[in-house]
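Work through the exercises below with the model open. Try each task before reading its solution.

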Amino acid sequence: MIEILQNKTNTQKIEFNARDGEEVLGRIAGILDGDEFVVDELCCEDFFTDGLTRAILNLMSLHGIDKARFELPNADLERLRGLGFISANPQIESINAFFDKGCNGH
C-alpha cells in the first residue's frame, strides 16, 4: 500500500510511504519551492525507488507542478540517474515530458 501523509510539524512537506501493514518499506518526501517540487528525502531499497519517485512526481503533475529538483546524497542521486529520472543535473525540467516518454523512455 502507498499512502500520502501530511507532515504535522511542516505542513509544506509532502511524503509518500510504501507500507506493509505497520512496517514502512520505503519513503520519499519533499517540499514545494515556488513552481518546483524539491525532493529532499529518499529512504528505501532500490526495489521501491522507481515506484515511489513516480508516485510523488505524478501527484505534483496532477497539481500543476511541472519541475522537480532532487537535493539528496550522492548515492541516492546515482540511483535516480541509473533509473533514468535525472542526468547530470539533479532536476527534471518537465515532469509531464518525463512521463510522456513512458516507462521505457529513460
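**Exercise 1. One helix, two sides**

Task: Find which residues of α2 are exposed and which are buried, then say how the buried ones are arranged.

Solution.
- Start with the exposed side: N74, A75 and G82 are exposed there.
- Turn to the other side of α2, where the buried residues are D76, L77, R79 and L80.
- Look down the axis of α2. Its buried residues fall within an arc of 160°, so they line one face of the helix.
- Ask what covers that face. The buried residues of α2 pack against β4, α1 and β5.
- Step past the end of the helix. Just after α2, G84 has a positive phi of about 90°.

**Exercise 2. How far to trust the model**

Task: This is a predicted model. Establish which element has the lowest mean pLDDT and which has the highest.

Solution.
- Take the whole chain to begin with. Its average pLDDT is 86, and 86% of the residues score at least 70.
- Now go element by element. Strand β1, residues 2-6, has the lowest mean, at 54.
- Strand β5, residues 67-70, has the highest, at 98.
- Apply the usual caution: where pLDDT is low, the predicted coordinates should not be read in detail.

**Exercise 3. The fold in outline**

Task: Count the helices and strands, and write their order along the sequence.

Solution.
- The count is three helices and six strands.
- Their order is β-β-β-β-α-β-α-β-α.
- Check burial next. Of the 106 residues in the chain, 41% are buried.
- Then check contact range. Take contacts between residues at least 6 apart in sequence: 47% of them join residues at least 24 apart.
- Finish with the surface. The accessible area is about 6,100 Å², and carbon and sulfur atoms account for 50% of it.

**Exercise 4. The nonpolar core**

Task: Identify the residues with the most contacts inside the largest nonpolar core, and the elements that build this core.

Solution.
- The largest nonpolar core holds 25 residues, and F70 and I92 have the most contacts inside it.
- Elements giving two or more residues to this core are β2 (13-20), β4 (36-44), α1 (46-62), β5, α2 (74-82) and α3 (95-100).
- The top contributor is α1, with six residues.
- Select I92 and set aside its neighbours within four places in sequence. Its remaining contacts are L57, D66, K67, A68, F70, F85, I86 and F98.

**Exercise 5. Charged pairs**

Task: Trace the salt bridges of R69, then find one within α2.

Solution.
- Begin with the principle: side chains of opposite charge can pair when their charged atoms come close.
- The whole structure has twelve salt bridges.
- One joins R69 to E36, with the closest N and O atoms 2.2 Å apart. This pair links distant parts of the chain: R69 sits in strand β5 and E36 in strand β4, 33 residues apart.
- R69 also forms a salt bridge with E71, the closest N and O atoms being 2.9 Å apart.
- Compare exposure. R69 is partly exposed at 21% relative accessible area. E36, at 15%, counts as buried. E71, at 45%, is partly exposed.
- Return to α2. There E78 and R81 lie three residues apart, about one turn of the helix. Their side chains form a salt bridge at 2.8 Å, N to O.
- E78 is partly exposed at 48% relative accessibility, and R81 is partly exposed at 24%.
- Last, salt bridges that share partners join K13, E15, R27, D40 and E41 into one network.

Notes:
Residues are numbered from 1 along each chain as its sequence is written. This is a predicted model: local features need pLDDT of at least 70, side-chain atom pairs count only at pLDDT 80 or more; totals for chains, interfaces and linings use all residues. Side-chain values use heavy atoms; hydrogens and water are left out. pLDDT is the predictor's confidence in each residue, from 0 to 100. Helices (H or I, at least four residues) and strands (E, at least two) are DSSP runs, numbered from the N terminus. Buried means under 20% relative accessible area, exposed over 50%, partly exposed in between (1.4 Å probe, protein chains only). Contact means heavy atoms within 4.5 Å. Accessible areas come from the Shrake-Rupley method with a 1.4 Å probe; for residues, only the protein chains shown count as cover. A nonpolar core is a set of buried Ala, Val, Leu, Ile, Met, Phe, Trp, Tyr and Cys residues joined through side-chain atoms within 4.5 Å. The arc is that of the directions from the helix axis to the C-beta atoms. A salt bridge is a side-chain nitrogen of Lys or Arg within 4 Å of a carboxyl oxygen of Asp or Glu.
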